[in-house]
Amino acid sequence: MTSSRNSSARPNSTAQSPEGGPGIAAPRSVLVGAWIGIAECVLGLGYGIFLLIRDLMGYRDAGAVISGWGTALWFFLIFGAVLAGAIMLLRGSRWGRGPIIMLNLCLGGVAYYMFTSGALNLAIPTVVVAIAALACMFNPKAVDWAARSM
């Protein structure tokens, strides 16, 4: 009597990556970092919308050398790309880790600029969130996951 194996009855120990091959499930710290990135992107895109609407309503700052719509476009491009990366991380891909890391490294510099200009009420939350996201992405399990899922 021949015994046939039912492959559907075996548990699947690996997650499916969006590319179609087997992948390794992302650790919780990566998922938390992705959610932090999504929250940052929602705020960044919201500010871009604010700048665009304000510019379309005719607001002009004589002392500023930037345009509202140009800055809004920059916010849409940067935060839109990071948002796409964060969503891909939540779906099992690993390429979104880099944009989140780069954004939070930049936010660390922005927080330093806020600190030196006396805006502690903005600098402290900005640097705390940036450090939290970087800690999530550079957690030893996250680094091991990124290295093994190449």
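## Helix 2 against helix 3

In this predicted model, the axes of helix 2 and helix 3 cross at roughly 135°. Angles over 145 degrees would count as roughly antiparallel, and those from 65 to 115 as roughly perpendicular. Helix 2 and helix 3 are therefore oblique to each other. Their axes come within 7 Å. The crossing of this pair is left-handed.

Which residues of helix 2 and helix 3 meet? Helix 2 brings Phe79, Val82, Ala86 and Leu89. Helix 3 brings Arg97, Pro99, Ile100 and Leu103. By class, this contact has seven nonpolar residues and one charged residue. It has no polar residues.

## Helix 1 against helix 2

Helix 1 covers residues 28-56, and helix 2 covers residues 68-90. The axes of these two helices come within 8 Å. They cross at roughly 160°. That angle makes helix 1 roughly antiparallel to helix 2, because angles over 145 degrees count as such.

The crossing of helix 1 and helix 2 is left-handed. By class, the contact between them has 22 nonpolar residues. Five polar and two charged residues complete the list.

## The nonpolar core

The largest nonpolar core has 21 residues. Which residues have the most contacts inside it? They are Val30, Phe79, Leu89, Ile100 and Trp145. Five elements give two or more residues each to this core: helix 1, helix 2, helix 3 (97-116), helix 4 (120-137) and helix 5 (140-148).

Three of these names return from the contact of helix 2 with helix 3: Phe79 and Leu89 on helix 2, and Ile100 on helix 3.

## Val30 and its partners

What does Val30 touch, leaving aside residues up to four places away in sequence? Its partners are Leu89, Cys136, Met137, Ala142 and Trp145. Two of them, Leu89 and Trp145, are listed with Val30 among the core residues with the most contacts.

## The chain as a whole

The secondary structure comes to five helices and two strands. Along the sequence, the pattern is β-β-α-α-α-α-α. Both strands thus precede the helices in that pattern.

The chain has 150 residues, and 32% of them count as buried. Contacts can also be sorted by distance along the sequence. Take those with a separation of 6 or more. Residues 24 or more positions apart account for 68% of these contacts. The touch between Val30 and Trp145 is one example of a contact between residues far apart in numbering.

Key
Residues numbered from 1 in each chain as written. Predicted model: local features only at pLDDT ≥ 70, side-chain atom pairs only at ≥ 80, totals over all residues. Heavy atoms only, no water. Axes fitted to C-alpha atoms, helices over the stretch in contact; angles between N-to-C directions. Helix = DSSP H or I, 4+ residues; strand = E, 2+ residues; numbered from the N terminus. Parallel < 35°, antiparallel > 145°, perpendicular 65-115°, else oblique. Left-handed = near helix turned anticlockwise from the far one by under 90°. Nonpolar A, V, L, I, M, F, W, Y, C, P; charged D, E, K, R; others polar. Core = buried A, V, L, I, M, F, W, Y, C linked by side-chain atoms within 4.5 Å. Buried < 20%, exposed > 50% of the residue type's maximum accessible area, 1.4 Å probe, protein only. Contact = heavy atoms within 4.5 Å.
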